[in-house]
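Here are a few exercises to work through with the model open in your viewer. Try each one before you read the solution.

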Amino acid sequence: MLRNFGQWIIVMINGLLNYGANRVMSFGLVALGVGGFYIYDRYDKNANYLPVQARVTNVQEVCYLEKRAGRTRTTSDTLACDKAQYLAKNHPSWQDFTVKYKVTVDYDYVSPVDNRTHSGKQTLAAYPDGKKIYRGEIFNIRASKTDPNKSRES
C-alpha cells in the first residue's frame with residue numbers, strides 16, 4: 001500500500017512539473033528574492049543609519065520625455081524642464097509623452113559619528129513630497145552610524 005502511494009506521489013509531482021509547476025516555482029523564487037532584498041534594505045536602513053537633517057547646498061534639475069507602449073519605452077534626451085513641459089503640451093510629436101524629472105541634490109549634514117559637517121549627493125526621480133527643493137532648505141536623510149562620509153535617502 002505505501003509503495004503504491006509513493007509511486008502515486010512521484011507520478012503526481014512529475015505531472016505537476018509537466019503542467020507549469022516550474023513556472024510557479026520560478027515566480028515564487030523571484031518573489032522571495034525581491035521580498036528578501038526589501039527586508040534586508042529596511043533592516044540595513046534602521047540598524048546602520050540614523051535620521052538627521054541636511055541643508056541643501058545645490059539643486060540641479062533636468063527632465064526628459066518618456067512614452068510607454070506595452071513593453072516598449074521611448075525617451076528623449078535630457079533637456080530643461082520648462083522646455084520639456086512645453087513640448088509635451090504643444091508639439092504634436094511629443095504630446096503622448098510624459099515629463100520625467102531627474103533631480104540632483106547636494107547637501108551638507110552633521111555626521112553622528114564625529115559631529116562634523118560632511119557633504120552628500122542624491123539623485124531623485126521626483127521631488128520629495130511633490131514640492132520643489134531650494135538651496136538653504138532642510139530635508140531629512142539617514143547618516144551612517146559608523147562611516148561619517150556615508151549617507152542615504154530617508
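**Exercise 1: the pocket**

How many residues line the largest pocket, and which of them lie nearest its centre?

*Solution.* Bear in mind that this is a predicted model. Start with the count: 13 residues line the largest pocket. Now look at the middle, where Pro-128, Asp-129, Ile-133, Phe-139 and Asn-140 lie nearest the centre. Next, sort the lining by element: strand 4 (117–124) and strand 5 (138–144) are the elements that give two or more residues. Strand 5 has the largest share, with 3 residues. By class, you should get 5 nonpolar, 3 polar and 5 charged residues. The volume of this pocket comes to about 280 Å³.

**Exercise 2: the cores**

Find which residues of the largest nonpolar core touch the most other members, then work out which elements contribute.

*Solution.* This core has 13 residues, and the ones touching the most other members are Ala-54, Val-105, Tyr-107, Tyr-109, Phe-139 and Ile-141. Two or more residues come from each of strand 1 (49–69), strand 3 (98–110) and strand 5. Strand 3 supplies the largest share, 4 residues. There's also a second, separate core of 8 residues, with Cys-63, Leu-65, Leu-79 and Ala-88 among them.

Now zoom in on Ile-141. Skip its neighbours within four places in sequence, and its contacts include Leu-50, Pro-51, Val-52, Ala-54, Tyr-107 and Tyr-109. Gln-122, Ser-151, Arg-152 and Ser-154 are in contact with Ile-141 too.

**Exercise 3: Val-56**

Is Val-56 buried or exposed, and what is it in contact with beyond its neighbours within four places in sequence?

*Solution.* First place Val-56: it sits in strand 1. Its relative accessible area is 2%, which is under the 20% cut-off, so Val-56 is buried. Its contacts include Val-105, Asp-106 and Tyr-107. The list also takes in the run Ile-133, Tyr-134, Arg-135, Gly-136 and Glu-137, plus Phe-139. For a sense of distance, try Arg-23: it is 33 residues from Val-56 along the chain, and their C-alpha atoms are separated by 48 Å.

**Exercise 4: the disulfide**

Search the whole structure for disulfides: how many are there, and which cysteines pair up?

*Solution.* The search turns up 1 disulfide. Cys-63 and Cys-81 form it, with sulfur atoms 2.0 Å apart. The S-S torsion is about 90°, so this disulfide is right-handed. Cys-63 belongs to strand 1 and Cys-81 to helix 2 (residues 81–90), so to speak distant parts of the chain, 18 residues apart. Check both ends for accessibility: Cys-63, at 0%, is buried, and Cys-81, at 6%, is buried as well.

**Exercise 5: Leu-87**

Where does Leu-87 lie, and which residues is it in contact with, leaving aside neighbours within four places in sequence?

*Solution.* You'll find Leu-87 in helix 2. A relative accessible area of 16% makes Leu-87 buried. Its contacts are Leu-65, Leu-79, Trp-94 and Gln-95. Compare that with Tyr-49, 38 residues from Leu-87 along the chain: the two C-alpha atoms are separated by 42 Å.

**Exercise 6: a backbone oddity**

What is the phi of Asn-115, and is this residue buried or exposed?

*Solution.* Begin with the background: most residues other than glycine have a negative phi. Asn-115 isn't a glycine, yet its phi is positive, about 55°. Asn-115 is in the loop between strand 3 and strand 4. With 63% relative accessibility, Asn-115 is exposed.

Conventions: Residues numbered from 1 in each chain as written. Predicted model: local features only at pLDDT ≥ 70, side-chain atom pairs only at ≥ 80, totals over all residues. Heavy atoms only, no water. 1 Å grid on protein atoms, 1.4 Å probe; cavity = no way out; pocket = protein on both sides within 12 Å on 5 of 7 lines; lining within 4 Å. Points joined across faces, edges and corners; volume = space filled by probe spheres on them. Nonpolar A, V, L, I, M, F, W, Y, C, P; charged D, E, K, R; others polar. Core = buried A, V, L, I, M, F, W, Y, C linked by side-chain atoms within 4.5 Å. Buried < 20%, exposed > 50% of the residue type's maximum accessible area, 1.4 Å probe, protein only. Contact = heavy atoms within 4.5 Å. Disulfide = S-S within 2.5 Å.
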